[in-house]
Amino acid sequence: MPNTKSAKKRLRQSIERRDHNRAIKSSLRTQLRKVREAAQAGELEKAQSEFQLACKRLDQAAAKGVIHANTAARRKSRLSARVKAVSQAK
């Protein structure tokens, strides 16, 4: 337990930040899953629209420091490859 006033404040801030980051990561994972499922089902239009939203969420998470910028770029690249594979299969 924190003893000083500033340590108590840091604890409060870190808890709030952790909850906020968890919410962002959770919605991000959900969005990535939607893209993967749409691509696997072969639904091109849905996969493309979900992919655009996923890219936006990845960029926002990277900008806020929730995930690393390289991680966001890697995930966008891999999702893009999946969506592109679906479009070429049609």
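**Figure 1. The whole chain: three helices and zero strands**. In this predicted model, the elements follow one another as α-α-α when read from the N terminus. The helices are H1 (5-41), H2 (residues 44-63) and H3 (69-89). Let us start with the overall dimensions. Along the principal axes, the C-alpha atoms fill a box of roughly 65 × 20 × 15 Å. The radius of gyration is 18 Å, where a compact globule of 90 residues would come near 12 Å. Of the 90 residues in the protein, 24% are buried.

**Figure 2. A positive patch on the surface, with residues from H1 and H3**. Here we zoom in on Lys25, Arg29, Arg36, Arg74, Arg75, Arg78 and Arg82, which together form a positive surface patch. Which helix gives the most to the patch? Helix H3 does, with four residues. Helix H1 is also a contributor, since each of the two helices supplies at least two residues. One member to look for is Arg36, which sits in helix H1. Arg36 has a relative accessibility of 33%, so this residue counts as partly exposed.

**Figure 3. Lys76 and Asp59, a salt bridge from helix to helix**. A search of the whole structure turns up three salt bridges, and this view shows one of them. The side chains of Lys76 and Asp59 meet with an N to O distance of 2.8 Å. This pair links distant parts of the chain, with Lys76 in helix H3 and Asp59 in helix H2, 17 residues apart. Are the partners buried or exposed, or something in between? Lys76 has a relative accessible area of 24% and is therefore partly exposed. Asp59 is partly exposed too, at 38%.

**Figure 4. Glu37 and Arg33, a salt bridge within helix H1**. For this close-up we stay inside a single helix. The side chains of Glu37 and Arg33 meet in a salt bridge at 3.4 Å, N to O. Why are the two residues separated by about one helical turn? They are four residues apart in helix H1, which means that about one turn of the helix lies between them. Glu37 has a relative accessible area of 43%, so it is partly exposed. Arg33, at 36% relative accessibility, also counts as partly exposed.

**Figure 5. Arg18 and Asp19, a further salt bridge**. How far apart are the closest N and O atoms of Arg18 and Asp19? They are 4.0 Å apart, and the two residues form a salt bridge. Both partners can be described by their accessibility. Arg18 is at 44% relative accessibility and so counts as partly exposed. Asp19 has a relative accessible area of 40%, so Asp19 is partly exposed as well.

**Figure 6. Asn3 and Lys34, 45 Å apart in space**. Where does Asn3 lie? Asn3 belongs to the segment before H1. With 71% relative accessibility, Asn3 counts as exposed, because exposed means over 50%. From Asn3 to Lys34 there are 31 residues in sequence, and their C-alpha atoms lie 45 Å apart.

**Figure 7. Thr30 and Met1, 34 Å apart in space**. Thr30 is a residue of helix H1. At 30% relative accessibility, Thr30 counts as partly exposed. Thr30 and Met1 are 29 residues apart in sequence, and the C-alpha to C-alpha distance between them is 34 Å.

**Figure 8. Gly65 and Asn21, separated by 9.0 Å**. Our last view turns to a loop. Gly65 has its place in the loop between H2 and H3. Is Gly65 buried or exposed? At 57% relative accessibility, Gly65 counts as exposed. How many residues lie along the chain from Gly65 to Asn21? The two are 44 residues apart along the chain, while their C-alpha atoms are separated by 9.0 Å.

Notes. Residues numbered from 1 in each chain as written. Predicted model: local features only at pLDDT ≥ 70, side-chain atom pairs only at ≥ 80, totals over all residues. Heavy atoms only, no water. Patch = residues over 30% accessible without salt bridge, like charges linked within 9 Å, V, L, I, M, F, W, Y side chains within 5 Å. Areas by Shrake-Rupley, 256 points an atom, 1.4 Å probe, with all protein chains shown as cover. Lys, Arg positive; Asp, Glu negative; His and termini not counted. Charge placed at Lys NZ, Arg CZ, Asp CG, Glu CD. Buried < 20%, exposed > 50% of the residue type's maximum accessible area, 1.4 Å probe, protein only. Rg over C-alpha atoms; globule rule 2.2 N^0.38 Å.
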